[in-house]
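Please work through the exercises below with the sequence and the model open beside you. Try each task on your own before you read its solution.

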Amino acid sequence: MAAAPRAPLPLALLVVSAALLAGASLSPAVEAGAFDVRRHLSTVTRYDVARGSNSVVSAPSMSDECRVIHLNLVARHGTRAPTKKRIKELDRLAVRLKALIHEAKQAPESDSMKNIPSWIKGWESPWKGRVKGGELVSEGEEELYNLANRVKERFQGLFDEEYHPDVYSIRATQVPRASASAVAFGLGLLSGKGKLGPVKNRAFSVLSESRASDICLRFFDSCETYKDYRKRKEPDVEKQKEPILEHVTSALINRYHLNFTTQDASSLWFLCKQEASLLNITNQACQLFNEAEVSFLEWTDDLEGFVLKGYGESINYRMGLPLLKDVVQSMEEAIIAKEENHPDGTYEKARLRFAHAETVVPFSCLLGLFLEGSDFEKIQREESLDIPPIPPQGRNWKGSVVAPFAGNNMLALYQCPRKTGGSKISQDQKNSYFVQVLHNEAPVSMPGCGSKDFCPFEEFKEKIVEPHVKHDYDALCKIRPVAREEPSSFSSRMWNFVLGLFSQNGDKKTEL
């Protein structure tokens, strides 16, 4: 059964009205110290801010006798610049603000300019004149570089082997910000392991497949069923967001005496997110909104992510099956290597992947993370889920936690002595194997594994993986099977580049 979100708009409108009226009694601006807007930017949130606001608490549950033998990482790229499409939106906003200021100056009321923030007068986009966008910025490089150093510290012993691409596999999509994130991570992971430069760097391999065949990290590109669902559902999401945008717009008009439209309010909210995340500026666009308005605007972004990328429809995450299978296969191969006493350096110890929010969000859903109450049982039965609770109610689904910049899921495979009791293991194995899931480096409980964060591998497969793998990617996505390509060689990348030159004028969705 399709998991269609349901929300009675009239009731939602009443809730929004009451909450925004309550918020009007607060300071008309977001006050520093009392409320940090940088924690409420949905998927535009910086990774260090997201980690600081992570409320997930999990007590250590593994024995000291257990040791990690393999690591899977699925990470979003780091903080990036606005895309070319969004840069044009900000250029249009600058023109629009100038027109509104001119209109206000012509108004007969003598105090019409008094309430207008000074920064709006003459404002121009910080990205004015840019014809390219979406690249990984220096803050994003640091996010992945620092993440690598923490991973290396956390899983001591796992990365002691001399580097080989078959032992430490690093993969990325062909989108530059994803591959650049892989490079930044690799520099941190392998710093001091080579002979290049004063910090003794070393070269390493980053593998990628063409966009046309990468169903492991870019499954959303090849899934026609998903693209059809998204195209149909996007107008509905916009309608669900309308009541909040209309109320926020009305509040802005009353507060600043400028004739804002809902498009203006939407663009100003986008500007707020870019300023706060990329420039650490919170006293301009963000200060236009009060605390309640920020919370509701954040919810509209989270709603969009839930419906179009998350639990809003099962195709959103079921299309990530190739990635889930790849993760499980890598763990099974590591277990075989251990059981057969393969020497270190002859088998893979880590598979490290760098992609997009459209990759990380479905993968989190396949693991059953960020659900409310009994929702895990519902998705196992393919029943519909409610949309995330509207503020001021709390919710588990927050884009700032689910998929901030550099947001990630790690699955650490542990080998424990067979005496570890009560676990379901194969009788021919000498040891017990457990999976620990970490989201943004914090251990998280798995609903499918009795809400434990340390799950027996066989139970992980039976309770979490198998209900999904009964489906088939090609059947779900209604596509003809395409021959999988090996990670691309230089010649194949050049051919893909030439093909891209002829197709770059086609319609493209912007990946987050």
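The exercises that follow go from the confidence of the model to strands, helices, loops and a single residue.

**Exercise 1. Judge the confidence of this predicted model along the chain.**

Begin with the whole chain, keeping in mind that the model is predicted: the average pLDDT is 87, and 83% of the residues score at least 70. Then look for weak stretches, among them residues 24-33, where the pLDDT is below 50 although the model shows 19 contacts there beyond near neighbours in sequence. Residues 55-59 also have a pLDDT below 50, and this stretch has five contacts beyond near neighbours in sequence.

**Exercise 2. Describe the surroundings of strand 3 (residues 350-355) and find out which strands pair with it**.

Step one concerns the pairing with strand 1 (residues 67-76), which runs in the parallel sense over six bridges; in this setting leucine 73 stands opposite leucine 352 of strand 3. Step two turns to strand 2 (residues 168-172), which pairs with strand 3 in the parallel sense over five bridges, and here arginine 353 in strand 3 is the bridge partner of arginine 171. Step three asks about burial: six of the six residues of strand 3 are buried. Ala350, Leu352 and Phe354 point one way, whereas Arg351, Arg353 and Ala355 point the other way, and residues on both sides are buried.

**Exercise 3. Decide how helix 12 (residues 357-366) is placed with respect to the surface, and say what comes after the helix**.

Counting residue by residue, you should find that 10 of the 10 residues of helix 12 are buried. Among them are Glu358, Pro362 and Phe363. Following the chain onwards from helix 12, you reach glycine 368, whose phi is positive, near 80 degrees.

**Exercise 4. Work out how helix 7 (residues 224-256) packs against helix 8 (residues 262-279)**.

Two packed helices are described by the angle between their axes and the distance between the axes. For helix 7 and helix 8 the angle is about 90 degrees, and the axes are 9 Å apart. Angles of 65 to 115 degrees count as roughly perpendicular, and therefore helix 7 is roughly perpendicular to helix 8. Next, list the residues that make the contact, which are Leu245, Glu246, Thr249 and Leu252 from helix 7, together with Thr262, Ala265, Ser266 and Leu268 from helix 8. Sorted by character, the residues of this contact comprise four nonpolar, three polar and one charged.

**Exercise 5. Compare asparagine 440 and serine 451: is each buried or partly exposed**?

Locate the residues before judging them: asparagine 440 lies in the loop between strand 5 (431-439) and strand 6 (442-443), while serine 451 belongs to the loop between strand 6 and strand 7 (454-456). Asparagine 440 has a positive phi near 50 degrees, and serine 451 has a positive phi near 60 degrees. Buried means under 20% relative accessible area, so asparagine 440, at 3%, is buried. Serine 451, at 49%, counts as partly exposed.

**Exercise 6. Explain why glutamate 459 counts as buried, and name its contacts**.

Glutamate 459 sits in helix 15 (residues 457-469). Its relative accessibility is 19%, and therefore glutamate 459 counts as buried, given that the cut-off is under 20%. Setting aside neighbours within four places in sequence, its contacts are Cys449, Lys452 and Ile464.

Note on methods:
Residues are numbered from 1 along each chain as its sequence is written. This is a predicted model: local features need pLDDT of at least 70, side-chain atom pairs count only at pLDDT 80 or more; totals for chains, interfaces and linings use all residues. Side-chain values use heavy atoms; hydrogens and water are left out. Helices (H or I, at least four residues) and strands (E, at least two) are DSSP runs, numbered from the N terminus. Buried means under 20% relative accessible area, exposed over 50%, partly exposed in between (1.4 Å probe, protein chains only). Contact means heavy atoms within 4.5 Å. Two strands pair if DSSP finds at least two bridges between them. pLDDT is the predictor's confidence in each residue, from 0 to 100. Axes are lines fitted to C-alpha atoms, for helices over the stretch in contact, and angles run from 0 to 180 degrees between N-to-C directions. Angles under 35 degrees count as roughly parallel, over 145 as roughly antiparallel, 65 to 115 as roughly perpendicular and the rest as oblique. Ala, Val, Leu, Ile, Met, Phe, Trp, Tyr, Cys and Pro count as nonpolar, Asp, Glu, Lys and Arg as charged, and the others, Gly among them, as polar.
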